[in-house]
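Thanks for sharing this one. Here are a few notes to read alongside the model, starting with the ligand and then turning to the cavities.

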Amino acid sequence: MAKRTINDIPVLPLRGRVMFPDNSASFDVGRLESLAAVKRASDGDAYILLIAQRDADKETVDSLDELYPAGTVCRLRQITRLPGATVRITVEGLFRAVMVRGDKSEGAYSADVAEIVSANPNSDLSEAYFRTGKDIMGEICRTENRIPKEAASNLEACTDPEEFVNIAAYNLKLPVEKKQEILESDKLVERLKLLDKALNDEIEVIRLERKINAIVRQNIDKNQKEFYLREQLRAIHSELGDDEEEKTELENKIRSRGMPEEVLQKALKELSRMDKMQTSSPDYNVLRMYLDWLIDIPWTEKTEDTEKLSDAVKILNDDHYGLEKIKERITEYLAVLKLTGGMNAPILCLVGPPGVGKTSVASSVARALGRKFVRMSLGGVKDESEIRGHRKTYVGALPGRIIAAMKNAGTVNPVFLLDEIDKISSDMRGDPASALLEVLDPAQNSTFRDRYLEVPYDLSKVLFITTANSLDTIPRPLLDRMEVIELNGYTQDEKREIAKRYLVEKHKKSNGVESGSLKITDGAIDEVIEGYTMEAGVRNLERNIDAICRKAAVKLASGKASKLRVTQGNVCKYLGARRYERDAGMQADEIGAATGLAWTAVGGTTLTIEVSAMHGKGDILLTGKLGDVMKESARAAISYIRSNSEAYGIDESAFETTDIHIHVPEGATPKDGPSAGITMACAILSAFTKKPVKSSVAMTGEITLRGKVLPIGGLKEKALAAYRVGVKDVIIPADNKKDLEEIPENVRGKLNFIPVSDVDTVFRNAIVGM
Ligand code: ADP
């Protein structure tokens, strides 16, 4: 067949699509050059060349080089004007053609073109490609509804391989380059081969999609199936009367628990409500869970208290070193408990710094009585519902932690430890403290109401013990209900004994170290206490001993040694470098600096108070995160010295021309309380008189405006702190003399206590040359 040629045919650039012969297409035209080309075609013989742009994103075509070299000559069948400047055209593809020459005239591109005719149109190979191509295309058409029905039936009926390639390539979803390749090739076999490859790729994708769909469908079907089967099962159960059986079983359980009558009636009522519900309904499950709770919490189960009090005392002694006074108080308490049968027994509150054995004393009490032990930490409890639970109408509601703990205890009379009662706080979600009051009040706690349970629960047989680090933040009404027992910090000797007798063996055991193969000397324990811990209790000491045992276990297990000895010298091999150097206190007598003694939640500590008096306007500056009470006692100290300035040899007018700066390091730790009053007074007087404060003296006491010294709290802790830093003289308020006996013998012997009742005596003892 002779090649067809056409000269000066208008060119319509296509974006993102390739036109093929044997197809019709409709699309909108809006670009100026394209509109001009359409106009020229419709004005002329209706032939128009459609060629794809190489870059589909390009808005304008600046030269014919931006188009592929070959396209399809089409006949313009129809033009419809659309609103705006666009037209919709319908074209029919006639033959493939390559541009021989082109230019731009009347605003449109035009070209001379020559037909592309395929070589050797009929061969066995092309016949084979044609047949497989048709098969695959058939499959694609059946599964893909993207391909128009008309094109699908044309393909089905097609007998001409060339026509088949054109229709198939036009309708397939392929990248423009691929389509263009198929369009341009001048060998039929080549064209069929390219098409076949594309078809195979496409069918692979389709098969994969089908597979994924099938998996998804399978999952959905499975859920549906399960649901269906369950419903059927239920129907069968109900036909056979099994539902009845389940209900009877539940009812028997409820009746056998010994619930009080009111609770029993409530449970039975809820059971009959549940019985009328679909098992799949959410309400059914809510009720089921509710009934399970009622069945699970203890109503009558009870342990019998140990008969002999002496056994109880032995257990307390076995578990703890020292703590004589506490053991005595607890023994008394247990005796009273036994005599009264627990009626109106006060609630114990163990107060002291962390790690002094509060929790472990409480658990010993449980052991001594033969009762179950449960523990609930109140640290950070803000929300009343944590204690009382949520109504069961709430989604995901549960009983509060009191009832949950009772379920864990499994008896109605456990020892129940409420830890950190000083750490509860309240916000707008109710007041947890008032809920706790109800728990702890013997007049109310026999009918404790948990919101979830809705029925009263009797807590009156529970032995509550609470713990706190400090009494200051415990709400007053709560504190009034409790009997406070103070546990103080330990001395170095006590700590060493506790470690030797309890902690070392305990951790050897827990780390699987045989007792004989590891020896920790007294010197090593002292080194741990001094160099690795800074605490009133023994918690970090215990942690470090655990670390030593763990490291030793590794060494022993690796077979490097069969016996280990930890001494003062080699502790650092186990624990790394020392963490604390011995706090030396003040090294030399200094002007404007005095050593105070403070009590913190973690035990006693020393506190250096610095004062600097400088030329100014009489301003007072207080830094180091001081609380209001501390600031006020600083002002009281200044006022006292100022009003007695003559007696101390200070010119009264100096106060008007001097700024006083009082600072208490470490600046970031908040400090408060009145007990630094006399220390501040000393430092201030020293700064004004330029006479140094003795470095061997430490002091504590509140000051009044008239110079009286008032008593303070926490003397034992403070004395231990003074002893730790090696102070010799400790100035204390005269009214605290009675507390001296609390201080361990060996510490008391090493310190010289100076009881004072006025600040003048303080100055005479503490300031050089006073
Ligand atoms: P707290 O509750 O006061 O913070 P813990 O009861 O948790 O302290 O005590 C910390 C650890 O120290 C526990 O392992 C405890 O057995 C131990 N411990 C504290 N005091 C003594 C003591 N006097 N005798 C023996 N072990 C003690």
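**Notes on the ligand site and the cavities**

1. Please keep in mind throughout that this is a predicted model. A good place to begin is the ligand: helix H12 (358-369), helix H17 (492-510) and helix H19 (539-557) each give at least two residues to the shell around it.

2. That shell holds 18 residues, and those that come nearest to the ligand are Gly-355, Lys-358, Thr-359, Arg-539 and Glu-542. Sorted by class, the shell is made up of eight nonpolar, five polar and five charged residues.

3. Have a look at the backbone here. A backbone N or O atom of Gly-355 sits 2.8 Å from an oxygen atom of the ligand, and one of Gly-357 sits 3.2 Å from an oxygen atom of the ligand. For Tyr-321, a backbone N or O atom lies 2.9 Å from a ligand nitrogen atom. The ligand taken alone would expose 560 Å², and the protein buries 89% of that area.

4. Now to the empty space: there are five cavities of 30 Å³ or more. The largest cavity contains about 70 Å³.

5. Which residues line the largest cavity? They are Tyr-490, Thr-491, Gln-492, Lys-495, Ile-529, Leu-720, Tyr-723 and Arg-724. H17 and helix H24 (715-725) are the elements that supply two or more residues to this lining, and H24 gives the most, with three. By class, the lining has four nonpolar, two polar and two charged residues.

6. One link to follow on screen is H17: this helix supplies at least two residues of the ligand shell and also two or more residues of the lining of the largest cavity.

Technical notes:
Residues are numbered from 1 along each chain as its sequence is written. This is a predicted model: local features need pLDDT of at least 70, side-chain atom pairs count only at pLDDT 80 or more; totals for chains, interfaces and linings use all residues. Side-chain values use heavy atoms; hydrogens and water are left out. A residue is near a molecule or strand if one of its heavy atoms lies within 4 Å of it. A polar contact is a pair of N or O atoms within 3.5 Å; within protein, one must be able to donate a hydrogen and the other to accept it, and residues adjacent in sequence count only if both atoms are side-chain atoms. Accessible areas come from the Shrake-Rupley method with a 1.4 Å probe; for residues, only the protein chains shown count as cover. Helices (H or I, at least four residues) and strands (E, at least two) are DSSP runs, numbered from the N terminus. Ala, Val, Leu, Ile, Met, Phe, Trp, Tyr, Cys and Pro count as nonpolar, Asp, Glu, Lys and Arg as charged, and the others, Gly among them, as polar. On a 1 Å grid over the protein atoms alone, a cavity is a set of points where a 1.4 Å probe fits but cannot get out, and a pocket is an open set with protein on both sides within 12 Å along at least five of seven lines; lining residues have an atom within 4 Å of a point. Grid points are joined across faces, edges and corners, and a volume is the space filled by probe spheres set on the points.
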